[in-house]
Amino acid sequence: MSVATPTSAPTTATGTRGGNVDGQAIAITVFSTVKWWGRVVLPFVFVAPKVAPKTLTTLQRLSFIHFARWSLITQIPHNGAPQPETKLRYPHLYFESNFNGGWEEYIDAFSHILTTGMWTFWGSSYGFPKALPTGPFKAYIKANEMEASHFYSAYPEATTTEIKQAIELDPMVAELRERADRMTPEEFATAFAELMSEAQRCC
Amino acid sequence: MLLDLASIRDPNRAGQAYALTFLCPIMPGHEDLLRDELEHLGADGPGPLARLPRTHFGRWVICPDFVTDPAQPHPDSLGCEYLIFTCCIDGDPDSYLDALCTELAPETRRIWRHCINAPDPAEGPALKAYLQHNQIRTGLFYSAYPTTTVPDVRRVLGQRSALRRLAVDAPDLSPAELQQRFLAEVR
Amino acid sequence: MATAAPEAVRIDLGDVQGDILRAYGNAYERTTYVFVGIDEPGRGREWLHGLVDRVTTAAPWADAGKPAHAMNVAFTAAGLRALGVPDRVLRTFSDEFLQGMAERAGLLGDTGDAAPARWERGFGTGEAHVLVTINALGPTELDAALAELRTEVVRHGLQIVSEQPAQLLPQSREHFGFADGFAQPAVEGVTDDKAVGGGVPLPHGTWRALAPGEFILGYPDEDTRVDPKRRLPNAPAAPLGKSGTYMVWRKLHQDVALFRRTVRDAAQRLDRDELLLRAKIVGRWDDGAPLVTHPDTQPDEFDGRAEGANDFLYERADGDGHRCPLGAHIRRSNPRDALGFEGRLSFRHRIIRRGMPYGDPLPPDALADDGADRGLVFVCFNASISRQFEGIQVQWLNDGNIFGLGHDRDYLLGGTNGGSMVIQGRPPDPPCYLAPQGPFVTTRAGEYLFVPGITALAAIADGVTG
C-alpha cells in the first residue's frame, strides 16, 4: 500500500471574506459600542478570578481558537492635527480572534456553548441580541465585523487541535527517543507499539 | 507560576505570548492607497510578518468608523479612518518592535506613510515610538497554547506528522527498520 | 438547546410534497429521476400547471393504500429563472442555492475527476431546470408513468436533460454491501416515535425530536425554540417559502472493486478480520448493526428499523473509539454526542437522507472492475444547505479536525485526495493506520434544488410568485 499524505488540506475556512483567511486560519475583527456601565463591569470581567476563566476553559475545550483578545477602548491616542481630537461618548469593545473552521460553525458554537459567557463579554454592548437564537446573533456579528486587508498565520495549515495534540505528544516521543538508540530492535518495536497505544488520542 | 504572576500584572500577556494592538489615524484621502498597499502584502508569498519568526498571527485592518447600533442613543464617530495593526508574538514586545521597525522597514515605510504624523520615513526608533504612542492596552488575552513558541509549534507539528507517517508504514517494516526510521525521522 | 416544550406545531401535510417526510425508497421498488429543461417560461408553466394536481403530498394515504406511483417536483435556481420567477423573489432564496452545486465544488471537495467540468452532460451548466422524481411499485407502473411524463414534456416543447433510474438492491444494501438508510432525524409532529436514536440526545439519557423547521420551511426550527419572539427561520418570500425545503441531489459513482481490493489488502497487511475492518470503516456491520452496541461480532439478526436499534451514543459509551473508531463514516456524518457538549455542536447539522442505489451490482466475489456505472443517487432534504448538508460534507466528512483527526478525510468517501483513517485500539493494543487510498466514490453529477409546497408549486405554475 502506498504511503502518501494528502498534499493539500481541505477547504474548511468558509463563510467569511477572503481577506480574513490564511490557509485554515480565519480572522474575526469586531468593534461594539458599550453602554456606560460596561466601563465599570468589563474591566472586572477581564480580571475577576471566576468570570473570564470559566469562559476561557470552555474555549480550551472547544479548541478552535488559537488566540483571542478583548480590549476596552475609552480614548483614542492623539497624534496632532489633522487627526480629529476625538472625545468618545461611549467605551468601545475591540474583539479579535484567530481561529480555524467555518465561520458559521464558529458562531454556532459560540451561541450554543458559550451562551452565558457571551453575555458576560457582550451583554453591555448596544444591540447585542443575546447569543441565542443564532440568527440575530450572526447578523449582529456580521454588521459589526471588519474585513482584514492582510492576515498572516505562521502555520496556516495547522489547526488549534492539531497543535495541542502535537504539544501533548512531544514528551511521550521525547521519552522514547531518549532510550531508543540503547534498545534492541525487538525492544524498540514493543516500546513503539506502547507509544502508539498511549498516544493514540493525539496522533 | 512566574508566568502566571506576570500575566496577572500584564493583561497583554498570556503565558509567554504577548498581544500587541495599535490604532493609528489614516490621513484623509489615503484610505484606498493604504488598502491597496496592504492587500498586496501577501500577493507573492506569506507576507512580511513571515520574516519575524516570533509572530504567530498578525493582521492589518482598516476601520472606517465605529458601527452605530440602532439601539444606541447617539452615534460616536471616530472622525477619520483608522489602521488597526495587531499581532500575537513570542516574548518581549520591545525587541519585537525593534525588529518590526528595522527588518520590515521596506514595508513599514509604505504602510505607515499613510498615517497622520507618522515619522518619515516610517521605520526605526521613530516608528517604534509612534507605534508605542498609539498602542491599545489589552483587556484580556487568550491563547490555546500559551507556553509554546512559533518554532516549537512548527517542530512539534513536524514531529507528529513524521510519527504518523511512520505508524502508517510500520506494518511493513522490520523492527530494525522501524527503529532506524524513528531515530532518523521523528525529531 | 432549551428543553422547554414549544407550542405544538401541526404540519399541513397536504401542502408538503410527499417524498420529504416519507421514505418512498421503502414503499416503492423503482425510482427514476428525470431532469427537464425549459426554453420558454410560458410553455414551462403550462406543463407544470397540468402537473400540480398529480404531485404526491405528505397527506396520509387513503384506505386504498399507496398509489401505483408517486411523483414529486423540485427546481434548480436556473429552473426558477427559466419559469419566470422574478429576480426580487429569487434573491430571497439562500446564496448557496442560487450559486448552485457546481459553483460550490471546491468547497465540497468535488475536484479532479469529480469536478463539474467532468460531470455528466446537462449538470452544473444551468441546463437542468426541473427534477421530476417518480417512485413506482414495479417496472410496469414506472414505464407507464415515465411514458406519460415524456409525452407531456415533448407536447409542451420542453427537453428531457437526463433520466437516472435507481432501484433498491436486495436487503436494502448499497453497492459496497452495507445496509443503508437507518438513523433518520426524528421530526416533531411527524416521527416523534423515532426520537430515540434519531432525535437529539438529552443529558439524562432521553431523546427528543427535532423541530420541523429544520427540514420544512415556514415552520419553527431549533432557533425558534429558544427565541422569545418566535421568529421563523429564513425562507423564500411568500408564497414560495411555506411548506418547501431545499434538496441536494448527487450522483455518486462507487468503485466497488477498488473498495473490495483495498479492504482485503489492508486486512491481510494489518492481520485483521476483513468483516470487522469493513465495520470499523463504516461504524456499522454489513447488516447495519452499530459497532457501539455490537463491538465484537455481527449479530445473527439485526433489524435497523426495530425499536431501539439506533439507541446509542458515542461519547458516553465509547469516548475513545475503541468500539467505533473516531473517524468511522457514521460517527462523522451523524456524530450524536461525539463532539462533546451534549450534542450541542451537532444537533443543527442534521439532514433527511433519501439516497437510492443505481446500476447493477458487481458480482459478489469480483475484485476487478467491470467498467459498469454503479453507485448511489444521494438525495437529502434540509432547510439550510450551507448549515446542514455542506456543514456535514465540509467540516465533518472532508476534514477530521473537529474529531481530533487532523486533516483525515472520511475513508469510505475518500474523494480526490483519498481518505485516511486511524482505527483506535483498546490499550495495550496499538491503533492501526489506514493509508490514503484511491477514490472509492466520485461525484458524477449534482444539483441544489428547491422543493416547493403544493400552494407554492401552483403559484410557480400560475406565474404569480410575487
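**View 1. A:Ala68 faces B:Tyr142 across a strand pair between chains A and B.** The model shown here and in the views below is predicted. B:Tyr142 lies in β5(B), opposite A:Ala68. The pairing joins β5(B) to strand β3 of chain A, residues 65-73. The two strands are antiparallel and share 4 bridges.

**View 2. An open sheet of 5 strands takes in strands of chains A and B.** The order is β1(A)-β2(A)-β4(A)-β3(A)-β5(B), with antiparallel pairing. Two strands stand at the edges: β1 of chain A (21-22) and β5 of chain B (140-143). Each edge strand has a single partner, so one of its sides has no neighbour in the sheet. For β5(B), strand β3 of chain A is paired through 4 bridges. Strands of a sheet pair through backbone hydrogen bonds, whether parallel or antiparallel.

**View 3. Chain B combines 7 helices with 5 strands.** Read from the N terminus, its elements follow the order α-β-β-α-β-β-α-α-α-β-α-α. Chain B has a radius of gyration of 22 Å, whereas the globule rule gives 16 Å for 187 residues; chain B is therefore more spread out than a compact globule. Its C-alpha trace spans about 70 × 40 × 40 Å along the principal axes. Of the 187 residues in chain B, 43% are buried. Among contacts in chain B with a separation of 6 or more, 67% link residues 24 or more positions apart.

**View 4. Chain B is assigned two stretches, domain 1 and domain 2.** Domain 1 covers residues 2-133. Domain 2 covers residues 150-185. Taken over C-alpha atoms, the centres of domain 1 and domain 2 of chain B are 39 Å apart.

**View 5. Strand β7 of chain C, residues 245-254, is largely enclosed by the rest of the structure.** The reason is burial: 10 of the 10 residues of β7 are buried, so the strand is largely enclosed. C:Thr245, C:Met247, C:Trp249, C:Lys251 and C:His253 point one way from β7(C). C:Tyr246, C:Val248, C:Arg250, C:Leu252 and C:Gln254 point the other way. Charged side chains are included here, and C:Lys251 and C:Arg250 are both buried.

**View 6. β7(C) pairs with β13 and with β10 of chain C.** Strand β13 (residues 441-451) runs antiparallel to β7(C) and is joined to it by 10 bridges. C:Trp249 has C:Glu447 as its bridge partner in β13(C). Strand β10 (residues 375-382) is also antiparallel to β7(C), with 8 bridges. Here C:His253 stands opposite C:Gly375 of β10(C).

**View 7. UniProt places two domain features on chain C.** Its unreviewed entry lists "domain: DyP dimeric alpha+beta barrel" at residues 15-151. That span is 37% helix and 16% strand, and its end C-alpha atoms lie 27 Å apart. The UniProt record, also unreviewed, puts "domain: Dyp-type peroxidase C-terminal" at residues 275-396 of chain C. Residues 275-396 are 24% helix and 11% strand, with end C-alpha atoms 25 Å apart.

**View 8. Chain C meets chain A through 42 residues of chain C and 36 of chain A.** On the side of chain C that touches chain A, the elements giving two or more residues are α7 (105-108), α10 (222-226), α11 (256-270) and α15 (385-397). α15(C) gives the most, with 5 residues. By type, this side of chain C has 15 nonpolar, 15 polar and 12 charged residues.

Terms used
Residues numbered from 1 in each chain as written. Chains lettered and ligands numbered in written order. Predicted model: local features only at pLDDT ≥ 70, side-chain atom pairs only at ≥ 80, totals over all residues. Pairing = 2+ DSSP bridges. Rg over C-alpha atoms; globule rule 2.2 N^0.38 Å. Buried ≥ 20, exposed ≤ 12 C-beta atoms within 10 Å, placed from the backbone. Contact = placed C-beta atoms within 7 Å. UniProt positions renumbered as here; feature names shortened; annotations may be inferred. Domains from an automatic or database assignment.
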